[in-house]
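Q: Could you take me on a close look at how the helices pack in this structure, and at the empty space left between and around them? I am new to it, so a connected walk-through would be lovely.

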Amino acid sequence: MEESITIQEAIRRDFDCKPQDIRTYSPLTLAYIGDAIYDLVIRTIVVERGNSSANKLHRKTVSYVNARVQARMIDALESELTQEETAVYHRGRNAKSCTAAKNASIIEYRKATGMEALCGYLYLQDRQERMLYLIREAIARTGMEI
């Protein structure tokens with residue numbers, strides 16, 4: 001029987017990637033990977049909820065993967081975060097980015113960047129269960145339904 005491993009472990013093994021000290025990563029690097037993993041989580045939830053046209057799937061996903069919603073989610077979660085998670089979130093939120101969101105304020109964009117940095121940090125630490133718990137809690141606390 002094949003041993004169960006995480007996708008990150010499989011990537012490291014199959015592509016000869018060495019574990020890094022992610023505490024040295026810039027907050028925007030964490031947000032970069034966090035944006036992708038958060039998007040993947042939401043897309044997976046949307047697809048698992050039922051087969052639909054790609055356009056409907058995209059519209060549903062975009063309603064959760066945007067700076068305004070992510071800012072609301074992290075606001076609802078802040079009291080739930082550990083000191084370590086809060087520090088990562090603040091590093092991401094306070095990072096100076098060269099880009100900005102089209103449909104969100106700069107404050108919302110920075111909060112969303114902080115949330116993405118936190119997701120990236122937890123993912124790179126193989127703490128996907130904690131990341132999923134926080135996303136699930138954020139969705140519940142903001143009253144959103146996927």
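A: Let's begin with helix H2, which passes H3 in a right-handed crossing. This is a predicted model, so everything here is read from computed coordinates. H2 covers residues 27-48 and H3 covers residues 54-62, and the two pack with their axes 9 Å apart, at an angle of about 130 degrees. Angles over 145 degrees would count as roughly antiparallel, and H2 and H3 are therefore oblique to each other. On the H2 side, the contact is made by Asp-39, Ile-42, Arg-43, Val-46 and Val-47. H3 answers with Leu-57, Lys-60 and Thr-61. Sorted by class, this contact of H2 with H3 has 4 nonpolar, 1 polar and 3 charged residues.

Now please move along the chain to a second pair, H6 and H7. Helix H6 spans 106-124 and helix H7 spans 128-141. Their axes come within 7 Å and cross at roughly 150 degrees. H6 and H7 are therefore roughly antiparallel to each other. The H6 side of the contact consists of Leu-118, Cys-119, Leu-122 and Tyr-123, while H7 brings Gln-128, Arg-130, Met-131, Leu-134 and Ile-135. By class, there are 7 nonpolar residues in the contact of H6 with H7, along with 1 polar and 1 charged.

Arg-130 deserves a short stop of its own. This residue lies in helix H7. Leaving aside residues up to four places away in sequence, Arg-130 touches Glu-80, Leu-81, Thr-82, Glu-85 and Leu-122. For a sense of distance, take Arg-110, which is 20 residues from Arg-130 along the chain: the C-alpha atoms of these two are separated by 22 Å.

Several residues from the contact between H6 and H7 turn up again when we look for enclosed space. Searching the whole structure for cavities of 30 Å³ or more gives 1. The largest cavity has a volume of about 60 Å³. Its lining is made of Ile-74, Leu-77, Met-115, Leu-118, Cys-119, Leu-122, Met-131, Leu-134 and Ile-135. Three helices, namely H4 (67-77), H6 and H7, each supply at least two residues of that lining. H6 gives the most, with 4 residues. As for the character of the wall of this largest cavity, the lining has 9 nonpolar residues, with no polar and no charged ones.

Next come the open spaces, the pockets. The largest pocket holds about 460 Å³ of space. Its lining counts 20 residues, and those nearest its centre are Asn-66, Ala-67, Ala-101, Tyr-109 and Glu-116. Here you meet some familiar helices: H2, H4 and H6 each supply at least two residues of the lining of the largest pocket. The classes in this lining are 10 nonpolar, 6 polar and 4 charged.

The second largest pocket has a volume of about 250 Å³. Around it are 13 lining residues, of which Gln-8, Arg-12, Cys-17, Tyr-25 and Leu-124 lie nearest its centre. Helix H1 (7-14) joins the story at this point, as H1, H2 and H6 each supply at least two residues of the lining of the second largest pocket. The largest share of that lining comes from H1, with 3 residues. Divided by class, the lining of the second largest pocket has 8 nonpolar, 3 polar and 2 charged residues.

To tie the tour together, follow H6 once more through the model. H6 packs against H7 with Leu-118, Cys-119, Leu-122 and Tyr-123, and H6 also gives the most to the lining of the largest cavity. H6 then supplies at least two lining residues to the largest pocket and at least two to the second largest pocket.

Technical notes: Residues are numbered from 1 along each chain as its sequence is written. This is a predicted model: local features need pLDDT of at least 70, side-chain atom pairs count only at pLDDT 80 or more; totals for chains, interfaces and linings use all residues. Side-chain values use heavy atoms; hydrogens and water are left out. On a 1 Å grid over the protein atoms alone, a cavity is a set of points where a 1.4 Å probe fits but cannot get out, and a pocket is an open set with protein on both sides within 12 Å along at least five of seven lines; lining residues have an atom within 4 Å of a point. Grid points are joined across faces, edges and corners, and a volume is the space filled by probe spheres set on the points. Ala, Val, Leu, Ile, Met, Phe, Trp, Tyr, Cys and Pro count as nonpolar, Asp, Glu, Lys and Arg as charged, and the others, Gly among them, as polar. Axes are lines fitted to C-alpha atoms, for helices over the stretch in contact, and angles run from 0 to 180 degrees between N-to-C directions. Angles under 35 degrees count as roughly parallel, over 145 as roughly antiparallel, 65 to 115 as roughly perpendicular and the rest as oblique. A crossing is left-handed if the near helix is turned anticlockwise from the far one by less than a right angle, and right-handed if clockwise. Contact means heavy atoms within 4.5 Å.
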